[in-house]
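Reader: I would like a close look at one part of this model, then a walk through what surrounds the rest. Keep it brisk, please.

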Amino acid sequence: MKLTVKDLNSFYGPAHILFDIALEVGEGEVVALLGRNGAGKSTTFRSIVGLVQNRSGRVMFEGRDVSDLPTHAIVRGGLGYVPEERRIFTDLTVEENLEVGRQPKRAAAPQWDREKLFKLFPNLGEMRGRPGGRMSGGEQQMLTIARTLMGNPSLVLLDEPSEGLSPKIVEQMVDAILAMKKEGVSIVVSEQNLHFARLISDRAYIIERGRICFGGTMAELDARPDIRDAHLSL
Amino acid sequence: MAFYVVQFLTGLASAASLFLVASGLSIIFGVTRIVNFAHGAFYMLGAYVAFTLTERFSGALGFWGGIVVAALAVAVIGVLVEMVLLRRIYHSPELFQLLATFGLTLMVEDLAVLIWGPDDLVGRRAPGFKGAIDFFGQNIPSYDLFLIVLGPVVLGVLWLLFQRTRWGVLVRAATQDRDMVAALGVNQKWLFTSVFALGVFLAALGGALQIPRDAVNHAMDLRVIVEVFVVVVIGGLGSIIGAFVAAVLVSELNAFGILIFPKISIILVFLVMAVVLIVRPWGLFGKPEAPARRTPGLTVNPWRPLTMNERFAAIAVLVLAAALPFVAGNYLLTVGSEIAIFVIFAVSLHFLMSVGGLASFGHAAYFGLGAYGVALLAKMAGLPMIACLLLGPLLGLMGAAVFGFFAVQLSGVYFAMLTLAFAQIVWSIAFQWVSVTGGDNGILGVWPEKWAASPSHFYWLSLGIAALAVVILRIIVFSPFGFALRATRDSPLRSEAIGIDGKRIQWTAFVIAGTVAGLAGALFAYLKGSVFPDNMGISLSVDALVMVLLGGVETVSGAVVGAIVYKALNIWLVSQTDWSKLVLGAFVVLIVVAFPKGIVGTLEALMHRRRKSSSSVSPLLTSRIESAE
């Protein structure tokens, strides 16, 4: 297994947010984490990369227990994270944003550099010197993904990549994610949009109120319209 | 004409050092979000170490090498400080960070005296820059010209460093979103440490470069830090260009202010700062800050009024305290009066910073204004004591009304820096306006009238007023006004959304706190029989902060306990050691790191836990509430 999460519990202050989350992601797989707003998708990702301080449980990445490592060490190990709110550096240019994400090459992981990423996201190549703050939402979303890929991750957590994007940009996003998959990057993508998830994912988990309530292939999910209707808004 | 050109150049030369120190402070703040109060101390250490090295090693190499080595050596000290102290408090509320670095400043001051002695040290001239250049009959020291060139050169080097290197890109990224930088695999710890090292290096270099111009002494840290605060507030915290422009502006204002308005030269700079803050609260080149973290906020124990039993207990304690004159001698009664006065002072600051969420670093200004108010009324107008006690604090009220109006436009560290700067203005007026305030000699002979003159009577008077002040402030805390104030503290946006005029509420709180502090100052003037500029000095402001902190920032009346314990300790300490600043500074650092809840806060937490454990709630829930933000 590429990534195994067991018994993950997280807290924000006195509030218990995640309850015994368990996830598995295989080598080269694209797994969707589906759920409504506030179900706990982002908190799950933030807990996996260590951005939520108050948590318990185990996160195994490539056979190593990374639960107690600081965020930067987890990420350096090859577990990339693309946050939901984009969080690009608005004062930095496109190229400087990519520079922040740059990490040494890793033998086992697909490798990326600026030129390769500009091929994957041609828009970015045309605005290398533009400050991040003067880009459209779609371009910013591309940039966050490209920035994380600069770290040569073997697995990427993509938090709601389609959120707030126009249909045309979403199409480009699908292409980009499939291209990443083709390169051999394992991906966990959180989504509210089942249609988008179906286009890219091999398997899916459904999270509701901080608990995983379904896990299986996309076909298995399609065979259970009751679960789909109960936990996902269409 | 030539004279004005020379004056202008002198200003530019002074700007160089100021820029070095201010840019260091700005860089450190940008990434770590810590306003490093100890920056002045590093500046001073740079000067002292450079003095020692340049005296020891002769020749041009000895001099220039000594300056650079001094800056590097102090940077190493800075790295140690960062790793040992600051790393522990990066997630603390900013008040704690300011206090810890201030504690450090106090320690360094005493250490400097311990190592280099209390006298001014005059360093040697810079080899190659000893002479002066004749400019239409006016002399310009050639070292000044060197500094004038150095400023822009350093600016250029810093610019290249931040624009052209990977390290610079990472620092700029971290300035905007440090968590995201960590989430991209960058080790923040070393980034922070290296940034801190650079900032301290710049401060120390600024200090070291001053030795051919100025004598080195152990008061230069506070002098420079106040100027630097002004510079970064005008230029915008976090902006290096802003630091440069503002350093030039401030230095020129100083240089020409002395010619044009010699009486108010110090005030001129602060006036400019006030104007900038009104027009652009985040400084000329700064960016608007996201709402600051809540100032208090380690736990969420809701405040509640005292229960009946607790009220009886409080009254019993008061009665006990009132019985002191029957058992104690005059010395103890005087100490008791002083403690009672500082209880008033501490609760007034507590009201502002715990209830209002506005941590003032210049609260002594209003204490001092009250004291001067009484002294002036008693000596010049010859009013009776009761009238003086009632009218004297009005000077504190007026000061608080004027300064508070500007100060509450800001929050967090900007608020702290501005209140400190205002306190320095008041202090320098008292110090400079000799014809009215007596300057350094103060005003003497402010003695209480017969009915209050005996130590026991004065003690009862102080105790009574202290009790009254505590009760009134408590009533305000639990009044609708108090609710609105606390709502504004906890969430400015939400309280505004329900129709609370946050700025006006905070201004009112500032005025209340200033008036009560003025009352304490008024009593203090009668207790001591005199007033001095030090009655409004920085160290008194910090004393008050420490009292509140020691008692417990998040409690309703912890300041009372804090004031009693701290003042008693302080009086004892001063009688025991000559190095009170060293001990006091270490004490402050220790509280911040090991004991952030204070005495009352810790007791409350213990009681809370006992109550909780009986109802079996997961300890996880109560342990780390602060990560909730």
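Which is B:Ser479, buried or exposed, and why?

Author: Keep in mind that this is a predicted model. B:Ser479 is exposed, because 11 other C-beta atoms lie within 10 Å, and 12 or fewer counts as exposed. The residue sits in a loop of chain B, between helix 19 (455–477) and helix 20 (480–490). Take B:Ser411 as a reference point. It is 68 residues from B:Ser479 along the chain, and the two C-alpha atoms are separated by 23 Å.

Now step back to the whole of chain B. It is divided into domain 1 (2–251) and domain 2 (308–613). The C-alpha centres of these two domains of chain B lie 33 Å apart. They do touch: 24 residues of domain 1 of chain B are in contact with 26 residues of domain 2 of chain B. On the domain 1 side, the elements giving two or more residues are helix 3 (59–89), helix 4 (94–116) and helix 9 (220–235) of chain B. Helix 4 of chain B gives the most to that side, with 14 residues. By class, the domain 1 side has 18 nonpolar, 2 polar and 4 charged residues.

Next, the partner chain. Here 27 residues of chain A are in contact with 23 residues of chain B. On chain A, two or more residues each come from strand 1, helix 2 (71–76), helix 3 (94–101) and helix 6 (137–149). The chain A side divides into 11 nonpolar, 10 polar and 6 charged residues.

Strand 1 of chain A leads into a sheet. This open sheet of chain A has 4 strands in the order 2-1-4-5, with antiparallel pairing. Its edges are strand 2 (15–25) and strand 5 (64–65) of chain A, each pairing on one side only. Strand 1 (residues 3–12) of chain A is joined to strand 2 of chain A by 7 bridges. Within that pairing, A:Val5 has A:Leu23 as its bridge partner, and A:Phe11 has A:His16. Strands 1 and 2 of chain A form a hairpin with 2 residues between them. A:Gly13 in the turn has a positive phi of about 60 degrees. Strand 1 of chain A also runs antiparallel to strand 4 of chain A, joined by 6 bridges. There, A:Thr4 is bridged to A:Met60. Helix 1 (residues 41–48) of chain A lies across strand 1, strand 2 and strand 4 (55–61) of chain A. The helix runs at about 70 degrees to strand 2 of chain A.

Helix 6 of chain A leads to another sheet. This one is also open, with 6 strands of chain A in the order 6-7-8-3-9-10 and mixed pairing. Strand 6 (79–82) and strand 10 (211–217) of chain A are the edge strands. From one strand to the next, the twist averages 15 degrees. At one end, strand 9 (residues 203–208) and strand 10 of chain A pair in the antiparallel sense over 6 bridges. A:Ile207 and A:Ile212 are bridge partners there. Helix 6 of chain A packs on the sheet, touching strand 6 and strand 7 (155–159) of chain A. Its direction makes about 165 degrees with that of strand 6 of chain A. So helix 6 of chain A has two roles in this picture: it gives two or more residues to the side that touches chain B, and it packs on this sheet.

Terms used. Residues numbered from 1 in each chain as written. Chains lettered and ligands numbered in written order. Predicted model: local features only at pLDDT ≥ 70, side-chain atom pairs only at ≥ 80, totals over all residues. Pairing = 2+ DSSP bridges. Contact = placed C-beta atoms within 7 Å. Axes fitted to C-alpha atoms, helices over the stretch in contact; angles between N-to-C directions. Nonpolar A, V, L, I, M, F, W, Y, C, P; charged D, E, K, R; others polar. Domains from an automatic or database assignment. Buried ≥ 20, exposed ≤ 12 C-beta atoms within 10 Å, placed from the backbone.
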